[in-house]
Structure formats: C-alpha cells, structure tokens
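I opened my notebook to go through this structure piece by piece. Below is what I looked up, in the order I got to it.

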Amino acid sequence: FLKPLNLTEGLSFDIRLCLEEALINAMKYGNRLRKDLKVRLGVEYDDDEIRLTVEDRGEGFDLTNLADCTDKENILRNRGRGVYLIHQLM
C-alpha cells in the first residue's frame, strides 16, 4: 500500500518496521497470542500525512510506565524496544 506514495526507500523501511512492531505488540501483548482475537489495521493517507492505526482487544497500557530501553540496566533486556523504535522513527 506504500508503493503509490512514492516514498524514499528509507522512509518506506521505517514505516514497515514500525508497523511490524505495532502488529507484533498487538498480537503478543494486547491479545496475549489468542488466535480467536483479531487485530485491526487502519490505513489512511493524503498528500501530507500517513495515518496507521493498530487496534487489539487488550486492556491497553500506560506509556509512562514502560521501562526506558536505553537505560543502562535495560540495555541487554530482550524486550521494550518496539515502542521506543516507533516513537523515534515516527
């Protein structure tokens, strides 16, 4: 769906990476890997903006309660980078 927008290769990569992270988080943490629960993806765009929404059936979470993956004590942890990447790239 990004091809008609004629984005740079770098921007297309960033969008795909962030979308993948958001979808994985929705399935894994929101829906707790339950196959009977759906994840909804919305795509809207115009000349100035691309809006992607990912909705799961989970209870949600508070962004301020997420551990900072760049902190020294979290740097080697195997989780917590998806939301960080999304915020940095988008």
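**Entry 1: asparagine 74.** I started with asparagine 74, which sits in the loop between E2 and H2. I should jot down right away that this is a predicted model. Is asparagine 74 buried or exposed? I looked up its relative accessible area and got 11%. Buried means under 20%, so asparagine 74 counts as buried. Next I wanted its contacts, leaving out residues up to four places away in sequence. On that count, asparagine 74 touches Ala67, Asp68, Cys69 and Arg81.

**Entry 2: glutamate 59.** I stayed in the loop between E2 and H2, where glutamate 59 also lies. Glutamate 59 has a relative accessibility of 86%. The cut-off for exposed is over 50%, so glutamate 59 goes down as exposed. I also checked how far glutamate 59 is from threonine 8. The two are 51 residues apart in sequence, and their C-alpha atoms are 36 Å apart in space.

**Entry 3: the whole chain.** I stepped back to get my bearings. How many helices and strands does the chain have? I noted 2 helices and 2 strands. Reading from the N terminus, I get the order α-β-β-α. The C-alpha trace spans about 40 × 35 × 20 Å along its principal axes. Of the 90 residues in the chain, 17% are buried. I looked at contacts too, taking those with a separation of 6 or more. Residues 24 or more positions apart account for 45% of them.

**Entry 4: helix H1.** H1 covers residues 9–30, which makes 22 residues. From first C-alpha to last, H1 reaches 30 Å, and that is close to the 32 Å expected at 1.5 Å a residue. Which residues of H1 are buried? My list reads Ser12, Ile15, Cys18, Leu19, Glu21, Asn25, Ala26 and Gly30. I then looked for what covers them, and the cover includes strand E1 (40–45), strand E2 (50–55) and helix H2 (81–89).

I picked out isoleucine 24 as well, since I found it in H1. Its relative accessible area is 37%. That falls between the 20% and 50% cut-offs, so isoleucine 24 is partly exposed. Isoleucine 24 and arginine 57 are 33 residues apart in sequence, and I get 13 Å between their C-alpha atoms.

**Entry 5: the two strands.** I checked how E1 and E2 go together. They pair in the antiparallel sense, over 6 bridges. A hairpin of 4 residues joins E1 to E2. Who stands opposite glycine 42? I found threonine 53, in E2.

**Entry 6: positive phi.** A reminder to myself: most residues other than glycine have a negative phi. So I went hunting for exceptions to that rule. Asparagine 6 has a positive phi, near 50°, and is not a glycine. Asparagine 6 lies in the segment before H1. With a relative accessible area of 69%, asparagine 6 is exposed.

Arginine 32 also went on the list, with a positive phi of about 55° although it is not a glycine. I placed arginine 32 in the loop between H1 and E1. Its relative accessibility is 62%, so arginine 32 counts as exposed.

**Entry 7: the largest pocket.** I kept the pocket for last. Its volume is about 1600 Å³. Which residues are closest to its centre? Of the 46 that line the pocket, they are Asn25, Phe61, Gly82, Val83 and Ile86. I had already met Asn25 among the buried residues of H1.

Then I looked at who supplies the lining. H1, E2 and H2 each give at least two residues. H1 gives the most, with 12 residues. What kinds of residue line the pocket? I sorted the lining of the largest pocket into 23 nonpolar, 10 polar and 13 charged residues.

Terms used: Residues numbered from 1 in each chain as written. Predicted model: local features only at pLDDT ≥ 70, side-chain atom pairs only at ≥ 80, totals over all residues. Heavy atoms only, no water. Expected span 1.5 Å × (residues − 1). Buried < 20%, exposed > 50% of the residue type's maximum accessible area, 1.4 Å probe, protein only. Contact = heavy atoms within 4.5 Å. 1 Å grid on protein atoms, 1.4 Å probe; cavity = no way out; pocket = protein on both sides within 12 Å on 5 of 7 lines; lining within 4 Å. Points joined across faces, edges and corners; volume = space filled by probe spheres on them. Nonpolar A, V, L, I, M, F, W, Y, C, P; charged D, E, K, R; others polar. Pairing = 2+ DSSP bridges.
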